[in-house]
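Thanks for coming, everyone. Please bring up the structure, and we will talk about charges and cysteines.

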Amino acid sequence: MAEADIDDLIEIIEKEGNIEDIPKTLPMMPVRDVVVFTDMLLPLFVGREKSIKAIEECVEYDRYVFLSAQRDSEIEKPGIDDVYEIGTVGRVQKMIKMPDGRIKALVQGIAKAKAVEYVQKRSFFKVEVEILTDVEPEDLDIEIEAMMRNVKENSEKLLALKGEFSGDVGDLLSHIDSPGKLADLVASNLNLRVEDAQTLLEITDTVERLKRVNDLLARELDLSTVQAKIQTHVKDEISKNQRDYYLREQVKAIHRELGESDDKLAEIAEFKAKIKKCKLPETCEKEALKQVKRLEQMHFDSSEASVVRTYLDCIVELPWSRSTKDFLDIKKAKDMLDQNHFGLDKAKERILEYLSVRKLNPNKKGQIICFVGPPGVGKTSLGQAIAKAMKRKFHRVSLGGIRDEAEIRGHRRTYIGAMPGRILQGLRQCKTNNPVFMLDEIDKLGSDFRGDPSSALLEALDPEQNSDFSDHYLNMPYDLSNVLFILTANMADTIPSALLDRMELIHISGYTRQEKAVIAKKHLLPRKLKDNGLIRRSIHISPNAMESIVSEYTLEAGLRGLERKLDTVCRKIARQIAEGKKGRFSITKQNLNKYLGPPQYISELDQEESQVGLATGLAWTEFGGEHLYIEISLFQGKGELLLTGQIGEVMQESARAALTYTKANQKPLGIDKEVFDNNDIHIHVPAGAIPKDGPSAGIAMVTALVSAFTDKKVDHKVGMTGEISLRGRVLPIGGLREKALGALRAGIKQVIIPEKNRKDLHDIPKSVKSKLKFTCVKDVKEVLDIALEKD
């Protein structure tokens, strides 16, 4: 309150008002958000048309005007029912017309009055008023004086808390000795609601009005005291960062008032909406909202806020509840698999079995399938075919060379640059929680001081555990039970045993030459023609040429080498077409060397005749089955054994066991004892640059030894595989399918196998069995009878 206003109020209070001069009829002006009390000086800005006319009309009524509060301040054109009946007769002390047409008026409250009748309603309100007189007490007893003193003291305290108390205010309060005037003065300076102020105005009993003001003043004093305590507490404890944050929030509030965008608030709202849309489990949603709250309290550009923001992005982008609907038409799935893959009957049968069970029982926990086979046989494409048949998303992760456990389980968020593991990253890219997820090269996992990735995979792959998979970065359980995991490996021996126990192995051995020729004609050649911009009728490869490409230019279990050779042929034809040559290009066996050069693989068996001391064994490698030569030479010496060809420990033991058996059975075999004493024995397994090991070369070594000692030739069309004991028993081996395919590629006609491997003949394709003669044996004597040529 300004000093000039206080002086005016003192003058008004000391002056006795003369209400007899007030006209009975007055112009009425509705006022908004304020109730005018008697003796109150109030500046008014008059802008409404009716109000301007009323304030101008009051000059005709000795500047008297009737002021009544609106019931609803939002109403722009109030009617009779929109204003209170009881108001205050005011007198305009000063009036200034503003350039924009509004009027600024200083009005003094003179007396309370009641609108009895509306004389005029059109251009402005004109009413007939009845002056209301306050009921004053006859004497000021002790209770009233105590109440007045209490009101004055509380008023001073309230003004002091707000920093507005001065000596002039004290003089003003001390000059008032009327309960009604004191009540009106205090009420006019309290921030009261219009309803509460109007209630006070309508009370004519001054003592009752003072009691009501005393109650309202006490409440306002309590609120101001608590507010002052809070402000003091906040001021004492606020730090520099908090102060800066508070100022920034004020700036943002100003921007919001100006209609400018608030990026942070929009980001927080977006995160909350996305979390709600994700349909997280209850515990996960609680943690996510907790992180959103943390982000809300951080500075927008701080490094920690960036970490939390990245974490929340990971949460909302994971497919917690999004999944694709499975397509489980078994017949169409079979047609799709047959269309995309030739052969591989066992693998396709197992896939169809899985789809059938899934159709009958969608909630069954799936077995982890692992395709084991040489490179290029179609393991990855089979996984893609499963996804295509089920209409699921497909994602592939290569595990080759991974040594850090964090690659699978994720990094903890305490590290800079932390990120989730490969599994959650894959699901985040797929945007569905039930994709076909292929983990490639599981047999090439490593481990070092950073952890063991295979142990981390146990939780992800085990159907009994992966419903609550825990990623270190996410730090909340995630359900992987809907994911169809398919693993691939070149060999099962190096897969960790704990993982191997949870898998179902499906062996894919490789393709026969006939199968390769069919695949090349139906699948590989059309693809390469398209890749090189050729049309089907521009090139013709004869069946003999295709067979020659398969047999003389590739020697592998898979198809990648064959695919490269076909690509080479198509590129050379594409160049000729680009240079302007026209016509249809016919490729035959006779002109094939123009495109691919001379044959790279000519079977050694086609060049060799049966020889003494040379036996053909069969070996399994991670690239498929191979034939293996065992060469033995005798030269003068003292009976020592010399082994070469990078033979491993297991094959060295097989060689010693074969020599022991030969020495122990020299008489039945027709070998003179002096031959062992006077000759050194050299066993060589070409090629010498390739390491070789395994327990299946025993019978081939015995055959070569006996051939060398008896000077009998070994039939070069016979291949053999099997381990021996010192008693001459032929022991079972593994990888028979792969070895049989390798024998067929090498041109072998007859294969000797252990009797206990007879059951494995079931897995060998009929086309192979029709071209190879399999002979099952129990004893080395049977092997020698078959392999050694008769004189």
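E138, D139, D141, E143 and E145 form a negative patch on the surface. What counts as a patch? Its residues have over 30% relative accessible area and no salt bridge; like charges are joined within 9 Å, and nonpolar side chains (Val, Leu, Ile, Met, Phe, Trp, Tyr) within 5 Å. Asp and Glu count as negative, Lys and Arg as positive; His and the chain ends are not counted. The place of a charge is NZ of Lys, CZ of Arg, CG of Asp or CD of Glu. The accessible areas come from the Shrake-Rupley method with a 1.4 Å probe, and for residues only the protein chains shown count as cover.

Before we go on, a word on the source. This is a predicted model, where local features need pLDDT of at least 70, side-chain atom pairs count only at pLDDT 80 or more, and totals for chains, interfaces and linings use all residues. Residues are numbered from 1 along each chain as its sequence is written, and side-chain values use heavy atoms, with hydrogens and water left out.

Back to the patch. Where is E145? Find helix α3, residues 142-161, and E145 is there. Helices here are DSSP runs (H or I, at least four residues), strands likewise (E, at least two), numbered from the N terminus. Is E145 buried or exposed? Neither: E145 is partly exposed, at 44% relative accessible area. The cut-offs are simple: buried is under 20%, exposed is over 50%, and partly exposed is in between (1.4 Å probe, protein chains only).

Now the opposite sign. Which residues gather in a patch of positive charge on the surface? They are K277, R322, K393 and K431. Take K431. Look in the loop between α16 (422-430) and β9 (436-440). K431 counts as exposed, with 55% relative accessibility. Its backbone deserves a look too. K431 is not a glycine, yet its phi is positive, about 60°.

K279 tells a similar backbone story. Its phi is near 60°, again a positive value in a residue other than glycine. K279 sits in the loop between α9 (263-278) and α10 (282-297). At 63% relative accessibility, K279 is exposed.

Next, charges in pairs. How many salt bridges does the structure hold? The count is 30. A salt bridge puts a side-chain nitrogen of Lys or Arg within 4 Å of a carboxyl oxygen of Asp or Glu.

Start with D62 and R91. Their side chains meet in a salt bridge, 3.1 Å from N to O. This pair links distant parts of the chain, 29 residues apart: D62 is in the loop between α2 (49-57) and β3 (64-69), and R91 is in strand β4 (residues 86-97). D62 is partly exposed at 39%. R91 is also partly exposed, at 22%.

Now K334 and D338. This salt bridge is 3.1 Å, N to O. Both residues are in helix α12 (residues 330-340); they are 4 residues apart, so about one helical turn separates them. K334 is partly exposed at 41% relative accessibility. D338 is partly exposed at 35%.

One more pair: E563 and K528. Their side chains meet at 3.5 Å, N to O, in a salt bridge. Here, too, distant parts of the chain are linked: E563 is in helix α21 (residues 560-578) and K528 in helix α19 (residues 513-531), 35 residues apart. Is K528 buried or exposed? K528 is buried, at 11% relative accessibility. Salt bridges can also share partners: K112, D134, D184 and R209 are joined that way into one network.

Finally, the cysteines. How many disulfides does a search of the whole structure find? It finds 0. A disulfide needs a pair of cysteine sulfur atoms within 2.5 Å. Why does C314 have no such bond? Its closest cysteine sulfur, in C278, is 11 Å away, which is too far. C430 fails for a like reason: the closest cysteine sulfur to its own is in C314, 14 Å away, too far for a bond. Where do these two sit? C314 is buried, at 1% relative accessibility. C430 is buried as well, at 5%.

That's my tour. Over to you.
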